[in-house]
Amino acid sequence: MRIDFHTHVFPDRIAARAVEKLEAAGDIRALSDGTAAGLAASMAAAGIDISVTLPVATAGRQVISINDGALEQVRTFSGRGLLPFGAMHPEFGDYRAELKRLARGGVRGIKLHPDYQGVFFDDPRILRIVDAANEQGLVVVTHAGADIGFPPPAHCTPERVLALLRAVRPDKLVLAHMGGWQMWDEAGEALAGTGVYVDTAFVLAPHAHRDGRPVDMLSPERFTALVRAFGADRVLFGTDSPWSDQCGTVRRIEACGLTEAERRAVFQDNAARLLGL
Ligand SMILES: [Zn+2]
């Protein structure tokens with residue numbers, strides 16, 4: 001079984017516009033159309049059984065409606081297909097009650113994006129959300145490192161993750177993009193061995209901007225070394241679809257020289273454990 005822990009879908013009526021806007025912000029090209037149907041087709045082609053879809057609330061007022069949708073979708077989840085996470089935002093009022101509502105309704109986790117949410121990862125508002133999510137047994141996935149569509153400063157650096165970990169001890173914290181996009185050396189040094197999880201979304205070369213300029217990514221050797229630094233039991237297969245193609249990411253990871261046991265942990269076992277499947 002393969003579980004993709006990091007994908008994005010947009011509601012059909014806004015998918016084309018949302019994808020176009022994000023393509024322009026990151027100067028990159030999407031590799032599927034950003035709809036649920038597009039992702040399902042991509043999963044079939046790539047041999048992926050489950051895709052976790054991660055929403056980003058860019059304002060507190062979006063949280064309830066995103067989570068209503070996630071709760072609805074999770075009710076019909078049959079063990080295959082799309083598995084939605086919920087949203088949370090630092091400006092949201094009664095985050096405790098909302099996280100409880102998600103957990104009770106079977107949603108396994110939430111996504112935070114400190115850059116898009118205008119907050120540093122060691123801000124007290126993030127600490128209390130991470131702490132409350134942990135109390136509810138929820139996974140917390142956060143964007144980590146630089147963001148291709150966002151100017152510096154990065155809001156979730158390895159240093160700020162360490163600061164958060166000094167204050168709260170989440171059991172299921174997932175740092176996207178191998179712990180910090182384009183901050184890979186710092187992430188490995190600072191965060192390996194701290195018990196955090198990382199995902200493989202949008203980190204493996206080659207990727208190019210729309211004009212063909214290459215995006216600075218990890219070589220297979222650097223990727224494999226980083227997997228082993230964090231430990232294969234802490235690494236989750238993720239693609240960032242539609243920003244990477246799922247087929248290509250599967251192929252690239254399979255060509256990285258990981259052992260069969262390591263690949264099994266990354267593609268399936270770690271995710272199944274975190275998701276309670
Ligand atoms: Zn993403």
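Visitor: At what angle do helix 3 and helix 4 pack, and how far apart are their axes?

Guide: In this predicted model, helix 3 (residues 63-75) and helix 4 (residues 95-104) pack at an angle of about 15°, and their axes are 10 Å apart.

Visitor: Why are helix 3 and helix 4 called roughly parallel?

Guide: Check the cut-off: angles under 35 degrees count as roughly parallel. The angle here is about 15°, so helix 3 and helix 4 are roughly parallel to each other.

Visitor: Which residues make the contact between these two helices?

Guide: From helix 3 you get Val63, Ile64, Asn67, Asp68 and Leu71, while helix 4 brings Glu98, Arg101 and Leu102. Contact means heavy atoms within 4.5 Å. Sort the residues of this contact by kind and you find four nonpolar, one polar and three charged.

Visitor: And what is the handedness of the crossing of helix 3 and helix 4?

Guide: Helix 3 passes helix 4 in a left-handed crossing.

Visitor: Over to the sheet, then. What makes strand 1 and strand 3 edge strands?

Guide: The sheet is an open one of three strands in the order 1-2-3, with parallel pairing. Strand 1 (3-7) and strand 3 (81-84) each pair on one side only, and that makes them the edge strands. From one strand to the next, the twist averages 25°.

Visitor: How do you know that strand 2 pairs with strand 3?

Guide: Pairing takes at least two bridges between two strands. Strand 2 (residues 50-53) is joined to strand 3 by four bridges, so the two count as a pair. They run parallel, and Thr53 stands opposite Pro84 in strand 3.

Terms used
Residues are numbered from 1 along each chain as its sequence is written. This is a predicted model: local features need pLDDT of at least 70, side-chain atom pairs count only at pLDDT 80 or more; totals for chains, interfaces and linings use all residues. Side-chain values use heavy atoms; hydrogens and water are left out. Axes are lines fitted to C-alpha atoms, for helices over the stretch in contact, and angles run from 0 to 180 degrees between N-to-C directions. Angles under 35 degrees count as roughly parallel, over 145 as roughly antiparallel, 65 to 115 as roughly perpendicular and the rest as oblique. A crossing is left-handed if the near helix is turned anticlockwise from the far one by less than a right angle, and right-handed if clockwise. Ala, Val, Leu, Ile, Met, Phe, Trp, Tyr, Cys and Pro count as nonpolar, Asp, Glu, Lys and Arg as charged, and the others, Gly among them, as polar.
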